[in-house]
Structures are given as structure tokens and as C-alpha cells.
Amino acid sequence: MRPTGHGPAGPRLAIVPDDCLRPPALRPGDAVMLVSPSGPTRPERVARGIELLTGWGLRPVPAPNAYARRGYLAGDDALRAADLNAAFADPEIRGVICTRGGYGAQRVVDLIDMAAVRRDPKVVAGFSDITALQFALWRGARLAGVHGPGAAWRDERTPIRSAESLHAALTSTEPVTVTAVEAEETYPVRVPGRAEGRLLGGNLCLITASIGTPDMPDLTGAILLVEEVQEPPYKIDRMLTHLRRCGALDGIAGVAVGQFTECADGWDTTVVDVLTDRLGDLGVPVLGGLPVGHGPGQLTVPVGTPATLDATTGTLTVTPAVR
């Protein structure tokens with residue numbers, strides 16, 4: 001929540017209600033279903049992810065339609081929704097790992113059996129277009145999620161540290177701390193201060209696309225996580241301006257800025273310029289340089305759970321998504 005006052009020791013922070021639905025942490029022997037709610041993938045792209053999950057003692061099970069394809073979608077909407085609902089309904093499945101993002105999750109979220117999600121909550125991991133799925137699960141079940149790499153794993157982008165980060169978020173009940181990295185392009189984006197709030201958000205395009213839908217979360221008192229890939233600065237400006245104008249950022253506690261990967265064009269204005277301009281005058285702490293998103297060395301963070309953003313020391317600490 002927003003700082004509630006200032007005293008000799010700095011801001012006095014309100015306590016964040018810890019009322020999310022946390023699924024059980026994954027344990028060796030647990031089966032996890034690999035689903036493709038968005039864009040298509042191929043078995044060879046997922047082979048490394050299966051190898052990693054197996055090495056952690058988990059039992060990865062590709063969903064029946066995990067490798068389906070219909071143009072830019074991983075099969076028809078009905079097939080993708082059926083895989084999600086099968087995973088949520090099967091008591092043997094203890095986790096849901098999305099293979100990749102792309103596009104298409106928003107087309108199926110209204111078909112999810114939220115009663116099944118609430119009856120037997122399972123940890124759901126993914127990022128990019130999966131932001132839409134995590135928003136829907138938050139709206140429908142208050143399910144905490146995991147913003148991290150999918151099963152279509154690429155070692156050149158997500159090395160061993162990325163794997164360790166995802167493993168910890170899925171299996172440990174310890175808080176997750178991510179530190180701003182000076183080498184990250186968004187590192188200069190910073191407004192000092194400290195705030196507590198529920199961490200919500202993910203991919204900026206999907207956040208903006210959720211405005212006006214039932215899935216758009218109320219960000220009052222929240223720490224907003226934003227990251228993006230392959231969007232030029234003027235489009236990032238447009239999305240952030242839309243969030244400001246529609247009131248979505250009114251009352252936020254802070255902003256955690258992740259990786260904005262390949263977000264350049266031929267103009268002099270950089271993505272850092274845009275982020276500083278559109279976020280720097282909100283009157284809340286802002287911390288850039290977090291290795292969360294589409295870039296090399298991507299780390300995993302829980303979403304939907306209470307967090308502390310310390311833009312003075314450069315850390316984001318998030319309570320676990322699992323119990």
C-alpha cells in the first residue's frame with residue numbers, strides 16, 4: 001500500500017492483507033502439466049524444459065494439445081481451454097507450466113473452470129501473454145502466480161541462474177528477492193523510496209489490453225510490475241499514457257520496472273526517457289533495472305502476493321506464491 005506517513009525513520013507503511021490463494025509448493029515426484037494457452041510451439045523447443053523439470057524430480061506431462069497449431073494460436077480456443085481445465089481438474093497434476101507466450105490467452109480465459117481452480121489450487125508459471133491468464137486466475141480465484149520462463153527453454157537466454165530462480169519460486173516458501181542490475185537498460189529509471197503492496201502486473205501490452213475487461217485488477221495500493229519486448233518507445237509511451245488517463249495508476253504504491261528488451265527505434269527518445277517521463281511524476285517509488293521479463297538472465301517473481309519495493313537500496317522482495 002502507499003506510504004501512510006513520514007516520520008524520523010522514513011515512511012510508515014501500512015500492512016498489506018495477505019489474502020491470496022496460495023497453491024502447495026511443488027515437491028519431487030509431483031506431476032506438472034505443460035500447456036500452451038497462447039502461441040504454438042514444437043516438441044524440440046520444449047525438450048530442454050522437460051529435461052530441467054525432470055532434473056528437479058518433477059514429472060512433466062505435455063497436455064494433449066500442447067503442440068497443436070492453428071496459425072498464430074496453439075490450436076483452437078476450445079482445445080487450449082480444455083487443456084487448462086484438464087490440468088486444473090486432475091488431482092494428479094500439481095502444477096501448470098506454460099510452454100510459451102505469444103498471443104491467445106485472452107481468447108480462452110473466460111472458459112476456465114474457476115470453481116476447479118479454487119477447489120484444488122495449483123501453481124501456474126509463465127510470462128508474456130500469460131499475464132492475461134494470471135490476471136484471470138487472480139480475478140476468478142485470487143490465485144497467486146509465478147511470473148517466470150516457460151517450458152520452451154533456451155539456455156542462451158535463461159542460463160543456470162534463471163533455472164535456479166524458477167525452481168525456487170515453484171518449490172520454496174521463502175521470499176523472493178530480486179536486485180536491480182546496473183547492466184540492465186532500465187537501471188537508470190528510479191525514484192527513491194520504499195513501499196509495500198501486492199505485486200501485480202507483468203507484460204505491459206497485456207496489462208493495457210486488460211483495461212475494460214473483468215480481469216483488470218484494481219491497482220490501488222499495489223506495486224505494479226511492468227516489462228516489455230520489441231515495442232518502440234512511442235508505443236510504450238502510448239500504453240503508459242493510457243494507463244494514466246484511464247485512472248489505472250491512481251493510488252498505486254510503487255512501480256517495479258523489469259526488462260524492456262529490443263525496445264528501440266530510430267528516434268532520439270529512448271525507452272529510459274519514456275519510462276522516466278511517464279512514471280517519474282507519480283509520487284511513488286519506482287525501481288528499474290530488475291532482470292524480470294524477456295531479456296537475458298530472466299529471473300522469476302511471484303505475482304499476486306505482498307511485496308516490498310525499496311528503490312533506495314534497489315531491491316524487490318516478494319512473498320512466495322506457494323505454501
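These legends walk you through close-up views of one predicted model.

**View 1. The region that UniProt calls "domain: LD-carboxypeptidase N-terminal".** An unreviewed UniProt entry places this feature at residues 32-148. If you follow the chain through residues 32-148, 38% of the span is helix and 18% is strand. The C-alpha atoms at the two ends of this span lie 15 Å apart.

**View 2. Thr99 and its surroundings.** Start at strand S5 (93-98) and move along the chain towards helix H3 (114-119): Thr99 sits in the loop between them. Is Thr99 buried or exposed? Its relative accessible area is 1%, and buried means under 20%, so Thr99 counts as buried. Leaving aside residues up to four places away in sequence, Thr99 touches Leu34, Val35, Ser36, Thr41 and Val46. Thr99 also touches Gly150, Ala151 and Ala152.

**View 3. The region that UniProt calls "domain: LD-carboxypeptidase C-terminal".** Here the unreviewed UniProt entry lists residues 196-309. Over residues 196-309, the chain is 25% helix and 29% strand. The end C-alpha atoms of this stretch are 6 Å apart.

**View 4. An open sheet of eight strands.** To trace this sheet from one side to the other, read the strands in the order S8-S16-S15-S10-S11-S12-S13-S9. The pairing in the sheet is mixed. Which strands form the edges? They are strand S8 (176-179) and strand S9 (190-191), each of which pairs on one side only. Now look within the sheet at strand S10 (residues 194-203) and strand S15 (residues 306-310), which run antiparallel and are joined by five bridges. For one example of a pair, find Glu196, whose bridge partner in S15 is Thr308. Helix H8 packs on the sheet, where it touches strand S12 (254-261) and strand S13 (286-287). The direction of H8 makes about 165° with that of S12.

**View 5. Helices H7 and H8 side by side.** The axes of helix H7 (residues 233-245) and helix H8 (residues 271-279) come within 9 Å and cross at roughly 10°. Angles under 35 degrees count as roughly parallel, so that description fits H7 and H8. On the H7 side, the contact is made by Pro233, Ile236, Asp237, Leu240, Thr241 and Arg244. On the H8 side, look for Val271, Val274, Leu275, Asp277, Arg278 and Leu279. What kinds of residues make up the contact of H7 with H8? Seven are nonpolar, one is polar and four are charged.

Terms used. Residues are numbered from 1 along each chain as its sequence is written. This is a predicted model: local features need pLDDT of at least 70, side-chain atom pairs count only at pLDDT 80 or more; totals for chains, interfaces and linings use all residues. Side-chain values use heavy atoms; hydrogens and water are left out. Axes are lines fitted to C-alpha atoms, for helices over the stretch in contact, and angles run from 0 to 180 degrees between N-to-C directions. Helices (H or I, at least four residues) and strands (E, at least two) are DSSP runs, numbered from the N terminus. Angles under 35 degrees count as roughly parallel, over 145 as roughly antiparallel, 65 to 115 as roughly perpendicular and the rest as oblique. Contact means heavy atoms within 4.5 Å. Ala, Val, Leu, Ile, Met, Phe, Trp, Tyr, Cys and Pro count as nonpolar, Asp, Glu, Lys and Arg as charged, and the others, Gly among them, as polar. UniProt positions are given in the numbering used here, feature names are shortened, and annotations may be inferred rather than shown by experiment. Two strands pair if DSSP finds at least two bridges between them. Buried means under 20% relative accessible area, exposed over 50%, partly exposed in between (1.4 Å probe, protein chains only).
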